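Please open the structure in your viewer and keep the selection tool at hand. The tour below moves from one selection to the next and says what is found at each stop.

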2 protein chains.
Amino acid sequence: MSGPNYSARRSRLIRSLKSAGVDGLLLTGEANVRYLTGFTGDSTWLMLSSAKTLIISDTRYATQLKDECPDLDVDIRDASCPMAEATAAVVRKAKIGRLGFEADHVSVAVLGGLQAKMDVIELIPTSGLTEKLREVKDKWELQQIRDAVEMAERGIGVVRASLRPQQTEKDVRYTLEAAMRSFGASGPGFEPIVGVGPTAALPHAHAGDLLVSDSPVLLIDWGAETPSGYRSDLTRVFFTGRITKQMQNVYEVVLKAQQKAIAAIKPGVRCRAVDKIARSIIADAGFGKYFGHGLGHGFGLEIHESVRMSPLSDQVFEPGMVVTVEPGIYLPGKFGVRIEDDILVTRDGHEVLSSVPREFDDAIVEYLA
Amino acid sequence: MSGPNYSARRSRLIRSLKSAGVDGLLLTGEANVRYLTGFTGDSTWLMLSSAKTLIISDTRYATQLKDECPDLDVDIRDASCPMAEATAAVVRKAKIGRLGFEADHVSVAVLGGLQAKMDVIELIPTSGLTEKLREVKDKWELQQIRDAVEMAERGIGVVRASLRPQQTEKDVRYTLEAAMRSFGASGPGFEPIVGVGPTAALPHAHAGDLLVSDSPVLLIDWGAETPSGYRSDLTRVFFTGRITKQMQNVYEVVLKAQQKAIAAIKPGVRCRAVDKIARSIIADAGFGKYFGHGLGHGFGLEIHESVRMSPLSDQVFEPGMVVTVEPGIYLPGKFGVRIEDDILVTRDGHEVLSSVPREFDDAIVEYLA
């Protein structure tokens with residue numbers, strides 16, 4: 001399969017500038033710059049207009065830019081020239097009068113610095129122009145995400161096969177990271193969460209020193225990153241000992257909430273409607289106050305991308321979107337259960353990209369439980 | 001040694017509010033919030049005034065906040081309440097009229113969201129109030145940084161002892177990360193740079209698939225992170241084969257630039273004066289255009305912190321500051337040399353915290369070269 005067509009992506013963005021009311025756009029969000037150019041470093045901005053495309057960076061990246069973006073013009077500053085000054089010079093030269101900037105990726109301080117250098121150039125806030133394009137993945141991106149899912153799934157296979165009562169959460173995390181790398185991942189897609197018992201009740205816990213044998217509940221939230229920068233994001237709970245009725249009940253409620261929510265995903269459906277399906281099932285089972293976060297999110301070059309599934313989201317599913325569905329129930333001090341899969345919105349419904357078994361019986365690690 | 005005194009840190013910050021012209025301060029920078037509270041998660045803000053201290057977070061972190069910040073009041077929102085709304089409510093309740101915010105850590109979009117909810121509350125940009133406090137490390141922080149340096153140094157010892165011609169840059173990176181973790185690091189302090197030959201000429205390269213045997217020059221830029229979140233940052237070049245006269249010359253120029261710059265560090269000296277010492281030595285040797293980045297930077301909870309050593313910096317050294325000194329010469333397509341150590345500014349001069357040998361002869365890996 002041929003690689004991404006950066007030039008086509010930029011053309012789509014340029015076509016949206018007119019309705020955004022600007023002559024040119026300054027891109028400062030790292031993932032947006034990567035999406036539009038293929039450049040994998042940081043501290044590097046992209047200026048776009050129908051007449052001119054230019055990367056603004058510094059000497060640290062001069063050679064890397066030649067390798068990664070051979071077709072693009074590059075303006076390289078050294079340590080004696082601040083970014084705002086370099087940017088103002090190229091914008092002036094490109095004769096852009098109304099310059100859009102990314103309000104989500106420019107701090108108030110950086111905007112102040114730009115305004116001080118821009119003279120008569122008008123700086124116009126824009127929001128989500130590139131993120132909107134990134135919501136719908138193209139064929140090449142979908143292959144990257146499928147690869148990231150596969151790396152993650154093979155990785156968890158190694159973890160499950162090697163689980164031992166005396167492993168710490170950290171041991172499990174490092175085993176998982178090494179396994180995913182052995183299957184071609186550049187690394188984990190984010191810091192893997194490995195939580196035993198009460199730690200599993202913290203939705204965003206750091207892997208610590210609890211032992212697998214400290215509780216029958218082990219939660220792992222993990223994903224891989226491909227060398228091309230695309231991610232996967234999955235969660236499974238493993239039962240590694242004798243469990244309580246409540247643990248089984250919570251697991252089955254979460255799984256039902258997840259499966260019903262997934263079943264509702266198709267083009268034209270509102271994200272918050274899917275969130276509501278899962279949230280209602282959990283509330284009806286009496287656990288409403290133990291599920292506070294949103295149901296899921298888009299992902300790709302970043303682990304959290306547009307779209308969002310939450311009670312507040314009025315976004316609508318379109319074919320080509322890829323989202324997590326990850327309801328959870330967290331009982332503070334006791335344990336937590338979250339089940340998370342990666343879902344592609346297709347033309348007439350959806351496809352579950354991840355296939356790690358998720359039934360209650362599958363969660364029981366026989367040789368430990 | 002007793003742990004950090006978060007309450008004293010907050011008191012120092014509160015005392016600075018008056019001269020900043022605000023009644024209260026909203027902290028949104030992740031490392032600043034951690035420095036002032038000990039909280040290790042994200043998406044969590046801190047509101048401070050002389051009358052009230054409050055953390056604003058969401059349900060994902062409710063339990064973790066109780067564990068990590070047991071003395072602080074916490075406002076927990078769920079997925080149906082946006083952050084700006086929760087924040088406006090607590091600021092209103094605290095009767096703050098002029099609320100400072102961190103212009104470096106609030107995007108233009110987030111500021112817009114806050115303004116829409118804040119009614120009569122005036123939002124005043126501030127810059128660097130907490131970063132200024134963080135420039136000077138306290139006794140506890142210095143011990144964390146010494147630990148991070150030691151973890152990094154023991155890690156590179158393992159790498160050097162196990163170097164083989166057929167290792168890839170990635171192999172070396174993963175060996176280093178695992179070794180640092182085995183010595184107690186929570187992980188690397190940043191993505192380690194491991195560059196062979198031409199890759200070493202990219203100041204911010206990703207470790208790739210070149211073999212150690214592909215060039216006699218191997219550059220490693222690495223550091224450890226302690227479980228408490230403090231980092232180290234070092235660079236060494238190893239000669240793993242027969243080198244050219246130019247390689248030796250470049251190495252010696254960089255080392256001389258580094259040593260002369262370090263020698264000049266003491267309280268009262270301007271950062272840019274130290275930058276100039278190194279830059280002049282490199283320029284005089286004819287390599288001026290091959291050293292484009294700043295000479296060094298502060299570090300601690302983040303890998304890049306105030307102060308900065310660059311031609312633009314008018315900051316002045318004070319006792320308790322910790323900085324890198326890392327000149328480099330990068331010959332595109334050929335090789336690069338950077339030598340980096342971690343320096344503590346003392347009352348009457350400086351102390352070099354890192355002790356990995358750095359003389360030319362030390363750089364030669366005997367059993368390979």
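In this predicted model, begin by selecting the place where domain 1 of chain A meets domain 2 of chain A, where five residues of domain 1 are in contact with four residues of domain 2. On the domain 1 side of this contact, the residues divide into two nonpolar, two polar and one charged. To colour the two parts separately, use 6–130 for domain 1 and 136–363 for domain 2, as the domain assignment of chain A gives them. If you then place a marker at the centre of each domain, taken over C-alpha atoms, the two markers will be separated by 35 Å.

Next, show both chains and select the residues at their interface: 37 residues of chain B are in contact with 37 residues of chain A. On the chain B side, the elements that contribute two or more residues are helix H3 (62–68), helix H5 (108–117) and helix H8 (169–182). Among these, H5(B) deserves its own selection, since the largest share of that side, four residues, comes from it. Coloured by residue class, the side of chain B that touches chain A shows 16 nonpolar, 16 polar and five charged residues.

Finally, turn to how the two chains are related. Chain B is superposed on chain A by a rotation of 180° with 0.0 Å of shift along its axis, at an RMSD of 0.0 Å, and the two copies are therefore related as by a two-fold rotation axis. To locate this axis from chain B, select Ser107(B), whose C-alpha is the nearest to it in that chain, at 2.0 Å. The copies meet through the same surface, because 100% of the interface residues of chain B are also interface residues in chain A.

Definitions and conventions
Residues are numbered from 1 along each chain as its sequence is written. Chains are lettered from A and ligands numbered from 1 in the order in which they are written. This is a predicted model: local features need pLDDT of at least 70, side-chain atom pairs count only at pLDDT 80 or more; totals for chains, interfaces and linings use all residues. Two residues are in contact if their C-beta atoms, placed from the backbone, lie within 7 Å. Ala, Val, Leu, Ile, Met, Phe, Trp, Tyr, Cys and Pro count as nonpolar, Asp, Glu, Lys and Arg as charged, and the others, Gly among them, as polar. Domain bounds come from an automatic or database domain assignment. Copies are superposed by least squares on the C-alpha atoms of residues with pLDDT of at least 70 in both.
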